[in-house]
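Here is a short report on one protein chain. It moves from single residues to helices and then to the chain as a whole.

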Amino acid sequence: MSTDSATDSSAGPAASAASAAATADLFAPDGRLKAIPRKPARRAALLDHLAATLFETDRAYTEREVNEALKTVHDDFPALRRYLITGGQLSRTNDGSAYRRQQLTTDDTAGTTPTVA
């Protein structure tokens with residue numbers, strides 16, 4: 001689940017570059033997140049970037065795998081996991097046993113909790 005191997009193949013290079021450019025100042029030189037942005041639009045851009053770089057589409061992750069991936073960028077991984085769920089970048093089963101990366105569209109609304117059947 002490194003940021004190199006888990007990149008989204010469905011997003012083009014331009015989308016990946018735009019995502020990285022929009023969030024580059026949020027990261028320290030060592031690649032770790034300095035802080036989780038408070039502004040919703042800024043946080044959403046960060047979450048989109050994290051979902052695209054840390055999680056593959058069409059793959060189920062355990063909570064432990066999600067936590068381990070998020071720990072590589074920030075110590076407050078529970079907050080990041082929660083933001084990814086409420087922001088719609090990740091979905092989880094009702095029992096919390098599996099997480100999946102979601103492909104968001106312009107019709108998706110933040111604040112809802114997507115679930116996997």
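## G31 and the loop before α2

G31 is partly exposed, with a relative accessibility of 34%. In this predicted model, G31 belongs to the loop between α1 (13-23) and α2. Its C-alpha atom lies 8.6 Å from that of T72. Along the chain, G31 and T72 are 41 residues apart.

## H74, between α3 and α4

H74 sits in the loop that links α3 (63-71) to α4 (77-87). Is H74 buried or exposed? Its relative accessibility is 14%. The cut-off for buried is under 20%, so H74 counts as buried.

The side chain of H74 makes a local link. It reaches the backbone nitrogen of D76 at 2.9 Å. Beyond its neighbours within four places in sequence, H74 is in contact with R32, L33, K34, A35 and I36. L80 is also in contact with H74, and L80 is one of the buried residues of α4.

## Rings and charges

How many aromatic pairs does a search of the whole structure find? It finds one. The partners are F55 and Y61, and their arrangement is edge-to-face. The ring centres are 5.2 Å apart, with 85° between the planes. F55 has 0% relative accessibility and therefore counts as buried. Y61 is buried as well, at 1% relative accessible area.

Two further rings have a charged side chain over them. R43 lies over the face of Y83, 4.3 Å from the ring centre. The charged end of K71 sits over the ring of F77, at 4.9 Å from its centre. R43 is among the buried residues of α2. F77 is among those of α4.

## V66 in α3

V66 belongs to helix α3. With a relative accessible area of 0%, V66 is buried. Which residues does V66 contact, leaving aside its neighbours within four places in sequence? They are F55, Y61, R81, L90 and Y99. This list includes F55 and Y61, the two members of the aromatic pair. R81, also in contact with V66, is one of the buried residues of α4.

The C-alpha atoms of V66 and R100 are separated by 9.5 Å. These two residues are 34 positions apart along the chain.

## Helices α2 and α4

α2 has 15 residues. From its first C-alpha to its last, α2 reaches 20 Å, close to the 21 Å expected at 1.5 Å a residue. Its buried residues are R43, L46, L47, H49, L50, A51, A52, T53 and L54.

In α4, the buried residues are F77, A79, L80, R81, L84, I85 and G87. What do they pack against? Their partners are α2, α3, β2 (90-93) and β3 (99-101). Just after α4 comes G88, which takes a positive phi of about 90°.

## D58 and S91

D58 is found in the loop between α2 (40-54) and β1 (60-61). It has a positive phi of about 60°, although it is not a glycine. Is D58 buried or exposed? Its relative accessible area is 75%. The cut-off for exposed is over 50%, so D58 is exposed.

S91 lies in strand β2. S91 is buried, with a relative accessible area of 1%. Its side chain joins that of Q102 through a polar contact of 2.7 Å.

## The chain as a whole

The protein has four helices and four strands. From the N terminus on, their order is α-α-β-α-α-β-β-β. The protein has 117 residues, and 36% of them count as buried. Among contacts with a separation of 6 or more, 54% join residues 24 or more positions apart.

The accessible surface of the protein comes to about 6,800 Å². Carbon and sulfur atoms account for 52% of that surface.

Technical notes:
Residues are numbered from 1 along each chain as its sequence is written. This is a predicted model: local features need pLDDT of at least 70, side-chain atom pairs count only at pLDDT 80 or more; totals for chains, interfaces and linings use all residues. Side-chain values use heavy atoms; hydrogens and water are left out. Helices (H or I, at least four residues) and strands (E, at least two) are DSSP runs, numbered from the N terminus. Buried means under 20% relative accessible area, exposed over 50%, partly exposed in between (1.4 Å probe, protein chains only). Contact means heavy atoms within 4.5 Å. Accessible areas come from the Shrake-Rupley method with a 1.4 Å probe; for residues, only the protein chains shown count as cover. A polar contact is a pair of N or O atoms within 3.5 Å; within protein, one must be able to donate a hydrogen and the other to accept it, and residues adjacent in sequence count only if both atoms are side-chain atoms. Rings of Phe, Tyr and Trp (its six-membered ring) pair if their centres lie within 6.5 Å; planes under 30 degrees apart count as stacked, over 60 as edge-to-face and the rest as tilted. A charge sits over a ring if NZ of Lys or CZ of Arg is within 6 Å of the ring centre and within 35 degrees of the ring normal. The expected span of a helix is 1.5 Å times one less than its number of residues.
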